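Colleague: Please take a close look at one part of this structure for me, starting from a single residue, and then work outward to the helix contacts and the aromatic rings around them.

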Amino acid sequence: MKLSRNRFNYAWVIVGACFLLELIISGFAAGYRGLYLVAVTDGLQIPRSLFSISESCRSAAGAVMSLFFGRLFQRFGARRLVIVGFITMIGSMLVYATADKVIWFCVAGAMLGFGSVFTAGTITAALVRQWCDKNVGTIMGIVTAASGIGSAIGSQIMSPILYDLENPLGFRNAYMLTAVVLFVAGLIIIPLLRERRSNSADSKQPGLKEDSGKQLQNKGL
């Protein structure tokens, strides 16, 4: 993997931050939603078809926010969007942890979908493209793989909490623990995020090589 020479050292920090975002957000916080489906519906005695609506709200909110992501990224930058994303994600977990009606699960699902756009997936892809000049696909593959690792870790930690025989509402504790993990992760990751400042090398048109420029000068163009 080769990263930008001008920002070589800090580009690796950004890649590491993106890896952590995918690990925590796509993996630990949202990678094993099926476990919650059974735990919540059994604990509150609500139909699974109704609870599934919250997942639809999550997908719809994420799709809508993705439409405006490019403009928001250019205007506010990565760090501000990630801050908003973490706040929204933590809020969604708190709503999940206290919800007792389907409508509140739908609200939490919409908040989760909204926050995930600004903390994983779309935002990590934008950051990698902003900081890495070569082998972007390889780097994104490594970053994306973190979601699978986070999901495996999260499912092992949360399963005993979700299916605690002595506590049929164990899912509330699982959501609260996730909120705490998100809070700690935000404190670690957010300070690492920076914007890549443009320079003379970045201002070159894509595909325009220095040799081509010299040839044009020799021709008097």
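Modeller: T122 is partly exposed, because its relative accessibility of 30% falls between the 20% under which a residue counts as buried and the 50% over which it counts as exposed. The model is a predicted one, and that should be kept in mind throughout what follows. T122 is placed in helix α5, and once residues up to four places away in sequence are set aside, it touches S66, F69 and V117. With S66 the separation along the chain is 56 residues, whereas the C-alpha atoms of T122 and S66 are 7.6 Å apart in space.

Contacts of this kind can be set against the whole chain, which has eight helices and zero strands, so that, by the DSSP runs used here, the order of elements from the N terminus reads α-α-α-α-α-α-α-α. Of the contacts with a separation of 6 or more, 79% are between residues 24 or more positions apart, and 41% of the 221 residues are buried.

From there I would turn to the packing of α3 and α4. Two packed helices are described by the angle between their axes and the distance between the axes. For α3 and α4 the axes are 4 Å apart and the angle is about 30 degrees, and because angles under 35 degrees count as roughly parallel, the two helices are roughly parallel to each other. Sorted by class, their contact holds 22 nonpolar, 11 polar and one charged residues. In helix α4 one also finds I103, which is exposed, with a relative accessible area of 54%; its C-alpha atom is 9.2 Å from that of I53, although I103 and I53 are 50 residues apart along the chain.

The aromatic rings add detail to this picture. A pair of aromatic rings is described by the distance of the centres and the angle of the planes. The structure has a count of 10 aromatic pairs, and one of them joins F51 to F105 in an edge-to-face arrangement, with 5.2 Å from centre to centre and 70 degrees between the planes. Since F51 belongs to helix α3 (residues 48–98) and F105 to helix α4 (residues 102–117), this pair ties together parts that are 54 residues apart in sequence. Both partners are on the buried side of the cut-off: F51 counts as buried because its relative accessibility is 3%, and F105 is buried with a relative accessible area of 0%. A second pair, Y96 with Y175, has ring centres 4.6 Å apart and planes at 5 degrees, and it is therefore stacked. This pair links distant parts of the chain, as Y96 lies in helix α3 and Y175 in helix α7, 79 residues apart, and both Y96 and Y175 are buried. The four rings just named belong, together with Y32, Y36 and F171, to one aromatic cluster.

Two members of that cluster, Y36 and Y175, lead on to the contact of α2 with α7, where R33, Y36, A39, V40 and L44 of α2 meet F171, R172, A174, Y175 and T178 of α7. By class, this contact has seven nonpolar, one polar and two charged residues. The axes of α2 (residues 33–44) and α7 (residues 170–189) come within 9 Å of each other and cross at roughly 140 degrees, and because this angle does not go over the 145 needed for roughly antiparallel, α2 and α7 are described as oblique to each other. R33 itself lies over the face of Y36, at 5.2 Å from the ring centre, and elsewhere R194 is placed over the face of Y10, at 4.1 Å from the ring centre.

Two loop residues remain to be mentioned for their backbone. Most residues other than glycine have a negative phi, and most peptide bonds are trans. Q45, in the loop between α2 and α3, has a positive phi near 55 degrees without being a glycine, and with a relative accessibility of 67% it counts as exposed. N135, which is found in the loop between α5 (122–131) and α6 (136–162), likewise is not a glycine and has a positive phi of about 55 degrees; N135 is partly exposed, with a relative accessible area of 38%. The second of these loops returns us to α5, the helix in which T122 is placed.

Terms used: Residues numbered from 1 in each chain as written. Predicted model: local features only at pLDDT ≥ 70, side-chain atom pairs only at ≥ 80, totals over all residues. Heavy atoms only, no water. Axes fitted to C-alpha atoms, helices over the stretch in contact; angles between N-to-C directions. Parallel < 35°, antiparallel > 145°, perpendicular 65-115°, else oblique. Contact = heavy atoms within 4.5 Å. Nonpolar A, V, L, I, M, F, W, Y, C, P; charged D, E, K, R; others polar. Phe/Tyr/Trp six-rings, centres within 6.5 Å; stacked < 30°, edge-to-face > 60°. Buried < 20%, exposed > 50% of the residue type's maximum accessible area, 1.4 Å probe, protein only. Lys NZ or Arg CZ within 6 Å of the ring centre and 35° of its normal.
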